[in-house]
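Open the model in your viewer and keep the selection panel at hand. The stops below go from one selection to the next and say what is found at each.

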Amino acid sequence: MRVVILKDETAVSHRAADLLCGAVAKNPATVLGLATGGTPLGTYKEMVSRVERGEANFSECTTFNLDEYVGLEPGHSQSYRTFMESNLFAPAGFNLDICHLPPSSAKNLSVACSEYESSIEAAGGIEIQLLGIGTDGHIAFNEPSSSLASRTRVKALTEQTRKDNARFFDSIEQVPKLAITMGIGTILDASEIVLLATGASKASAVCAFIEGPISAQVPASALQLHPRVTVLLDEAAAGWLTRRSYYQQVEAIQEKLEQGDFDPNLI
Ligand code: GLP
């Protein structure tokens with residue numbers, strides 16, 4: 001796991017945008033896995049700015065979002081589709097025909113979940129998956145106790161997650177109790193994963209998933225099994241890490257390697 005500790009949220013957003021835009025610059029038809037929540041907003045803003053400056057073009061990208069609430073009517077202001085359309089898809093010029101979210105208003109949700117898995121597979125799999133993390137260590141809506149091999153399915157939200165997400169609704173009663181979410185197994189199938197965490201409220205979950213044991217009680221800890229994960233943290237989210245200086249040392253070496261000026265005698 002590559003743990004990158006950056007000065008603030010803006011630096012995290014810029015680095016995440018660099019990774020996504022870099023992949024799309026190499027392959028304009030990159031299949032992106034996208035996330036919602038407050039954390040990726042800065043990244044999406046930066047991606048939109050790059051499109052406006054003519055530095056990026058996402059019109060050929062196929063996208064799959066991690067999750068969607070069940071029970072909100074289509075077009076609801078807090079549905080994840082609305083979130084994605086207003087914060088990224090429309091302003092950054094994505095082709096909506098190839099932007100997918102779990103179809104949570106389908107009549108048969110379990111069939112819809114299998115179809116979502118099949119459409120990811122048919123697109124050739126997710127090349128780069130963006131993730132946030134919940135305060136309880138969840139990724140997408142895979143709450144603690146989710147199987148580490150889980151696939152896309154309907155999941156009940158914990159009270160903690162509903163409380164955390166109540167800030168986007170008028171009251172906690174309006175926060176749905178169910179969501180469709182990609183499973184942890186689905187997420188681990190992505191070729192590359194970039195997890196973002198900012199703010200002190202994430203420090204304990206960040207420490208648990210990076211430095212704790214792999215456990216279904218901390219769903220993000222399953223990322224320890226994936227060979228290409230980059231974790232972008234601001235100082236506050238990195239606050240509980242005990243091996244911080246080692247991560248910084250590794251990162252400094254990594255940066256030199258990428259710049260091609262690696263001299264083992266200088267380490
Ligand atoms: C929700 C989403 C997750 C997201 C988490 C954290 O539960 N399903 O994908 O990572 O919230 O959100 P935030 O970035 O707002 O803290």
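Start with the ligand and Lys202: an N or O atom in the side chain of Lys202 lies 2.6 Å from an oxygen atom of the ligand. Keep in mind throughout that this is a predicted model. The ligand taken alone exposes 390 Å², and the protein buries 94% of that.

Next, select Thr39. An N or O atom in the side chain of Thr39 is 2.4 Å from an oxygen atom of the ligand. Then add Ala140, where the partner is in the backbone: a polar backbone atom of Ala140 is 3.2 Å from a nitrogen atom of the ligand.

Now show the whole shell. Which residues come nearest to the ligand? Out of 14 residues around the ligand, these are Gly38, Thr39, Asp67, Arg167 and Lys202. By type, the shell consists of seven polar, four nonpolar and three charged residues.

Hide the shell and turn to the strands. Strands of a sheet pair through backbone hydrogen bonds, either parallel or antiparallel. Colour strands 1, 10, 9, 6, 2, 3 and 5: in the order 1-10-9-6-2-3-5, these seven strands form an open sheet with parallel pairing. At its edges are strand 1 (2-6) and strand 5 (99-100), each of which pairs on one side only.

Within this sheet, select residues 192-197 and 229-234. The former are strand 9 and the latter strand 10; the two run parallel and are joined by five bridges. For one position along this pair, label Ala197, which stands opposite Leu233 in strand 10.

Add residues 9-26, which are helix 1. Helix 1 packs on the sheet and touches strand 1, strand 2 (31-34), strand 6 (128-131), strand 9 and strand 10. The direction of helix 1 makes about 155° with that of strand 10.

Move on to the other selection of strands: 4, 8 and 7. How are these three strands paired, parallel or antiparallel? The pairing is antiparallel, and the three strands form an open sheet in the order 4-8-7. Strand 4 and strand 7 are at the edges with a single partner strand each, so one side of each has no neighbour in the sheet. On average, neighbouring strands of this sheet are turned by 30° against each other, direction ignored.

Take the two pairings in turn. Strand 4 (residues 67-70) and strand 8 (residues 178-181) run antiparallel and are joined by four bridges. Here Glu68 stands opposite Ile180 in strand 8, and Val70 has Leu178 of strand 8 as its bridge partner. On the strand 7 side, residues 153-156 pair with strand 8 in the antiparallel sense, again over four bridges. Label Ala156 there: Leu178 in strand 8 stands opposite.

With these strands still shown, select residues 109-122. This is helix 4, which lies across strand 4, strand 7 and strand 8 and runs at about 120° to strand 7.

The last stop is Pro144, in the loop between strand 6 and strand 7. Which residues does Pro144 touch, not counting those up to four places away in sequence? The contacts are Asp136, Thr158, Ala216, Gln217 and Pro219. For Thr158, draw the C-alpha to C-alpha distance to Pro144: the two are 8.6 Å apart in space and 14 residues apart in sequence.

Definitions and conventions
Residues numbered from 1 in each chain as written. Predicted model: local features only at pLDDT ≥ 70, side-chain atom pairs only at ≥ 80, totals over all residues. Heavy atoms only, no water. Near = heavy atom within 4 Å. Polar contact = N/O pair within 3.5 Å; in protein donor to acceptor, adjacent residues only side chain to side chain. Areas by Shrake-Rupley, 256 points an atom, 1.4 Å probe, with all protein chains shown as cover. Nonpolar A, V, L, I, M, F, W, Y, C, P; charged D, E, K, R; others polar. Pairing = 2+ DSSP bridges. Contact = heavy atoms within 4.5 Å. Axes fitted to C-alpha atoms, helices over the stretch in contact; angles between N-to-C directions.
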